[in-house]
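Biologist: I would like to go through this structure with you. Please take my questions one at a time.

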Amino acid sequence: MPSQNSSSFQSNQTKSSSPDFNLSLSERALAAAGAAFLSAVIVNPLDVAKTRLQAQAAGVPYQNLPSTCRFEPNTVMLHDTKRFPQYKGTLDVFQKVIHEEGFSRLWRGTNASLALAVPTVGIYMPCYDILRNYMEAYTSQNAPSVTPYVPLVAGSVARSLACVTCYPVELARTRMQAFKDAQHGTKLPGVWKTLVGVVSADTNTNLHSSFRSFRFLWTGLGAQLSRDVPFSAVCWATLEPVRRRILGMWGGHESGGVGVVVGANFAAGFVAGVLAGASTCPLDVAKTRRQIEKDRVRALRMTTRQTLVEIWRDGGMKGLFTGVGPRVGRTGPSVGIVVSFYELVKYALHTYTTQH
């Protein structure tokens, strides 16, 4: 009976799921890196808008203050809204950033996004592919009832690995997008200078050891993992069945060709990205608040749970879902672009190698 279930599952995989192309790890990484590059450039303005809205809710004023202003916790209720005009939404962020800082500032942090997305997705997607294929092969033979949960587990493990490896660049990106410079037209610090500032920031505490200083490069890692792991779990648990259903209706990769590969994967990725982005928004707000914290002692002591409690106390449900619009507007297309481009390159490489 188990072998019958196994053969049935494998047959279904061949017809409707993402095919297990015989590609090397480097080829999978190349496909993922290309997808990450494309996605990072397209959706970066929405990422800026989301981060600005979340930073504002955390107490960062955006009027005539330098980017080095000291952030103090729980100050959101202390700002005079007449003196410090507030961002009212995504479009308002776009309008004010363009007017006050210039159109190019909507792509603030794009270099950090690229420096982050290319290696992160280059690790994430191939690891997910390999783990999923290995685990599905094993569970289909030994525990068929567990097989539907494989994407959830594989996505969580792969995302954790990628997140821990590339986290300092994520920290730099968030800080670059959250703060604005007081003088229009000045060149803001890049990824390297931002990270150097995190490590060597002046402090009145005794935390001067090299180890403790470099530890700040992973400030908020717990919040990042608590956001990204559930995000990946929800995303892949949604994406795989939706993709298989669409591919099943369209006859699979082999009969549908490029159009089916791109269409099915983008549609499934978009749906999965929207659901995962919306459901994990409170964790994203907590991650942003922890990453922009400039009190070094507090930054080390903060936990995701404490941060969520503070956000709830300051802003209630609305506070927990600050920036959900641009976040969903970013994650839906982003996941769709990454997954469809990744599968398209895999398909193209597979087609090329089989024909030559």
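Biologist: Where does Asp-228 stand, buried or exposed?

Modeller: This is a predicted model, and the answers below are computed from it. Buried is the term for under 20% relative accessible area. Asp-228 has a relative accessible area of 3%, so Asp-228 is buried.

Biologist: Which residue forms a salt bridge with Asp-228, the closest N and O atoms being 2.7 Å apart?

Modeller: Side chains of opposite charge can pair when their charged atoms come close. For Asp-228 the closest N and O atoms are 2.7 Å apart, within the 4 Å limit for a salt bridge. The partner is itself buried, at 7% relative accessibility. That partner is Arg-227.

Biologist: Which residues are joined into one network by salt bridges that share partners?

Modeller: The pair Lys-346 and Glu-343 meets in a salt bridge at 3.4 Å, N to O. Salt bridges that share partners also build a network. Its members are Asp-47, Lys-50, Arg-159, Arg-227, Asp-228, Asp-284, Arg-327 and Arg-330.

Biologist: What separates Lys-346 and Glu-343 in helix α14?

Modeller: Both Lys-346 and Glu-343 are buried. They lie in helix α14, which covers residues 324–355. Because they are 3 residues apart there, the separation is about one helical turn.

Biologist: How many salt bridges does a search of the whole structure find?

Modeller: The pairs found include Arg-227 with Asp-228 and Lys-346 with Glu-343. The search of the whole structure gives a total of 18.

Biologist: How many residues apart are Arg-28 and Asp-129, a pair that links distant parts of the chain?

Modeller: Arg-28 and Asp-129 form a salt bridge, with the closest N and O atoms 2.8 Å apart. Arg-28 is in helix α2 (residues 25–57) and Asp-129 is in helix α4. The distance along the chain is 101 residues.

Biologist: What is the relative accessible area of Asp-129?

Modeller: Its partner Arg-28 is buried, with a relative accessible area of 5%. Asp-129 is buried too. The relative accessible area of Asp-129 is 1%.

Biologist: Is α4 roughly parallel or roughly antiparallel to α5?

Modeller: Helix α4 (residues 110–142) packs with helix α5 (residues 150–178), their axes 7 Å apart. The angle is about 170°, and angles over 145 degrees count as roughly antiparallel. So α4 lies relative to α5 as roughly antiparallel.

Biologist: How many residues of the contact of α4 with α5 are nonpolar?

Modeller: The contact of α4 with α5 includes 7 polar and 5 charged residues. The nonpolar residues number 21.

Biologist: How far apart in space are Gly-122 and Gly-34, C-alpha to C-alpha?

Modeller: Gly-122 lies in helix α4. At 15% relative accessibility, Gly-122 counts as buried. Gly-122 and Gly-34 are 88 residues apart in sequence, and in space their C-alpha atoms are separated by 8.7 Å.

Biologist: Which residue is 17 residues from Asn-133 in sequence and 9.0 Å from it in space?

Modeller: Asn-133 also lies in helix α4. It is buried, with a relative accessible area of 18%. The residue at 9.0 Å, C-alpha to C-alpha, is Val-150.

Biologist: What distance separates the C-alpha atoms of Val-335 and Gly-273?

Modeller: Val-335 lies in helix α14 and is buried, with a relative accessible area of 12%. Val-335 and Gly-273 are 62 residues apart in sequence. Their C-alpha atoms are separated by 5.5 Å.

Biologist: What is the relative accessibility of Gly-277?

Modeller: Gly-277 is found in helix α10, residues 258–279. Its C-alpha atom is 9.8 Å from that of Pro-326, 49 residues away along the chain. Gly-277 counts as buried, and its relative accessibility is 0%.

Biologist: Which residues make the nonpolar surface patch of about 450 Å²?

Modeller: Patch residues need over 30% relative accessible area. Ile-98, in helix α3 (residues 90–101), is partly exposed at 35%, so Ile-98 passes that cut-off. The patch is made by Ile-98 together with Phe-37, Val-41, Phe-103 and Trp-107.

Biologist: How many helices does the protein chain have?

Modeller: The chain has 356 residues, of which 52% count as buried. It has 0 strands. The number of helices is 14.

Note on methods:
Residues numbered from 1 in each chain as written. Predicted model: local features only at pLDDT ≥ 70, side-chain atom pairs only at ≥ 80, totals over all residues. Heavy atoms only, no water. Axes fitted to C-alpha atoms, helices over the stretch in contact; angles between N-to-C directions. Helix = DSSP H or I, 4+ residues; strand = E, 2+ residues; numbered from the N terminus. Parallel < 35°, antiparallel > 145°, perpendicular 65-115°, else oblique. Nonpolar A, V, L, I, M, F, W, Y, C, P; charged D, E, K, R; others polar. Patch = residues over 30% accessible without salt bridge, like charges linked within 9 Å, V, L, I, M, F, W, Y side chains within 5 Å. Areas by Shrake-Rupley, 256 points an atom, 1.4 Å probe, with all protein chains shown as cover. Salt bridge = Lys/Arg side-chain N within 4 Å of Asp/Glu carboxyl O. Buried < 20%, exposed > 50% of the residue type's maximum accessible area, 1.4 Å probe, protein only.
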